[in-house]
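The exercises below are meant to be worked with the sequence and the model open side by side. Each task is followed by a solution that proceeds step by step.

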Amino acid sequence: MQTLWLTGNPLRCFRVADEQIIVDTQGILLGGTSADEQPMATPVELAAACTQVDLLILVAGAAPLDRSWLGALPAHIPKLGFLSDNSGIEARIQLTMAGVDGYVSATMEAADFAAVLHKIHEDKQAVNSLQAELKNFSAIAFTAMSSASEMGTVAVFAEKVQAVVDLQRLAHLIHACLDDLRLDGVIQFVFDDDITLFPADVSLSYQRLLHSARESDARIVSQGRFLLFSFDHIQLLITDAPYLDEERYGRLRDVLAHLVSIAEARAKTLKVNTLLKIQQDNTRIVMTLLEMASQDNRNSVKEIMTGLSDSLRQMATGLDLNMEQEAELLGLSERALNSLEGLQEATSTAEVHFRSLLQQLDTAANLLQSVEENSSVIAESDSRVELF
């Protein structure tokens, strides 16, 4: 077992290849030992030497050791305090404060001394392994909690997005989620030639990146701190992605991909709803014009046919017609009037079906239209999920 002894003021370091005591009961270096003195000029050199041995023994002399040297000692190495008859109270207290793992003295038998060294070394190795496992477990738990929190942000977004009624509020909600994820970005909505940016005053370089994304077939493009998500109707450019943290960077790619997908689905719904409202308005205008024209036609036809029928009756009595010819002439007028009335009934039936179509359009619009919340602006707290 390689052992490093630290003794004296000024400090002297000795490297011992086996479990032997190199200091007597008075704290004085024994002669004829196989100790190999290691010249140390700085605490950094001492710390480097500690990494090459299995155990460190600190000799408590009459006075405390140099604190700057003790502060450089690695925490993982087993440390023993060596007590002698010459060890002062302050020196012993200093070793205790330095966190030694045990004590030995020159009065111990060689076998007992070796047994203590091995026991302290094994215990320290077990403690170091346990600490490493706890650190690894803590890292895994933190990653799991962070991932759950990030997905929770997406879950809240998926719930809140159903209440969004226009693209501006949708963009506001996306930016709120990015704030929860400690990110900043630019959003672009694209519907044919209608392009909308949020925020509107972005730099030309960001606009060129978003334009290039529209012409590319790639869904996700990453380059350093830039992370770009490009879907059919929405593009999201992250400008401060944590590219140095590979684990979080990978998680955010998945989280943001879900977020953008949900946002695009809602954006398309809003666009369809807008187009449907336009068609509803156009249909109502057409319906109004048809009803007005139909009513005018009915009134005109009724007036014309009534006048024609009265004229024919008057003419029939003034002409030299027999009863059969007069009945035939009046019957012709009645058949024409009945035919026009049948045509008007067909027109009325078409209007009824047209109103039914308009009602179905209203029903579809109500299904697409979300119930707007009482607040006109989405509160930031509504979309926040605190990260662990």
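**Exercise 1. The chain as a whole**

Of the contacts in the chain with a separation of 6 or more, what percentage is accounted for by residues 24 or more positions apart? Then describe the secondary structure, burial and exposed area of the chain.

Solution. The model is a predicted one, and every value that follows is computed from it. Step one is the contact count: residues 24 or more positions apart account for 62% of the contacts in the chain with a separation of 6 or more. Step two is the secondary structure, which comes to eight helices and eleven strands. Step three is burial, and here buried residues make up 35% of the 388 residues in the chain. Step four is the surface: the chain exposes about 22200 Å², of which carbon and sulfur atoms supply 56%.

**Exercise 2. The six-stranded sheet**

Determine the strand order of the open sheet of six strands, and explain why one side of β3 and of β6 is left without a neighbour in the sheet.

Solution. Reading across the sheet gives the order β3-β2-β1-β4-β5-β6, and the pairing is mixed. The strands at the edges are β3 (36-38) and β6 (102-105), and because each has a single partner strand, one side of each is left without a neighbour in the sheet. From one strand to the next, the twist averages 30 degrees.

The individual pairings can then be taken in turn. Strand β1 (residues 3-7) pairs with strand β2 (residues 12-16) in the antiparallel sense over five bridges, and within this pairing the bridge partner of Leu6 in β2 is Cys13. With strand β4 (residues 55-59), β1 pairs in the parallel sense over four bridges, and the bridge partner of Trp5 in β4 is Ile57. Further along the order, four bridges join β5 to β6, which run parallel, with Gly102 in β6 as the bridge partner of Leu80. Helix α1 (residues 43-50) packs on this sheet, where it touches β1, β2 and β4, and its direction makes about 150 degrees with that of β1.

**Exercise 3. The two faces of β1**

Which residues point one way from β1, and which the other way?

Solution. Thr3, Trp5 and Thr7 point one way from the strand, whereas Leu4 and Leu6 point the other way. The next step is to ask how covered the two groups are: all of these residues are buried, in agreement with the count for the strand, where five of its five residues are buried.

**Exercise 4. The five-stranded sheet**

Work out the order and pairing of the sheet formed by five strands, and identify the helix that lies across β7, β8 and β11.

Solution. The five strands form an open sheet in the order β8-β7-β11-β10-β9, and the pairing is antiparallel. β8 (194-198) and β9 (220-223) stand at the edges with a single partner strand each, so one side of each is left without a neighbour in the sheet. The twist averages 10 degrees from one strand to the next.

As an example of the pairing, strand β7 (residues 185-191) and strand β11 (residues 234-238) run antiparallel and are joined by five bridges; among the residues involved, Ile187 has Leu236 in β11 as its bridge partner. Lying across β7, β8 and β11 is helix α5 (residues 167-180), which runs at about 150 degrees to β7.

**Exercise 5. Leu73 and Ile93**

Is Leu73 buried or exposed, and how is Ile93 to be classed by its relative accessible area?

Solution. Leu73 lies in the loop between α2 (67-71) and β5 (79-83). Its relative accessible area is 12%, and since the cut-off for buried is under 20%, Leu73 is classed as buried. Leaving aside residues up to four places away in sequence, Leu73 touches Leu46, Cys50, Leu56, Leu58 and Lys79. Leu73 and Leu46 are 27 residues apart in sequence, and their C-alpha atoms are 7.3 Å apart in space.

Ile93, by contrast, is placed in helix α3 (residues 89-97), and with a relative accessible area of 47% it is partly exposed. Together with Ile89 and Met97, Ile93 makes a nonpolar surface patch of about 370 Å². Ile93 and Pro64 are 29 residues apart in sequence and 8.6 Å apart in space, C-alpha to C-alpha.

Methods. Residues numbered from 1 in each chain as written. Predicted model: local features only at pLDDT ≥ 70, side-chain atom pairs only at ≥ 80, totals over all residues. Heavy atoms only, no water. Pairing = 2+ DSSP bridges. Axes fitted to C-alpha atoms, helices over the stretch in contact; angles between N-to-C directions. Contact = heavy atoms within 4.5 Å. Buried < 20%, exposed > 50% of the residue type's maximum accessible area, 1.4 Å probe, protein only. Areas by Shrake-Rupley, 256 points an atom, 1.4 Å probe, with all protein chains shown as cover. Patch = residues over 30% accessible without salt bridge, like charges linked within 9 Å, V, L, I, M, F, W, Y side chains within 5 Å. Salt bridge = Lys/Arg side-chain N within 4 Å of Asp/Glu carboxyl O.
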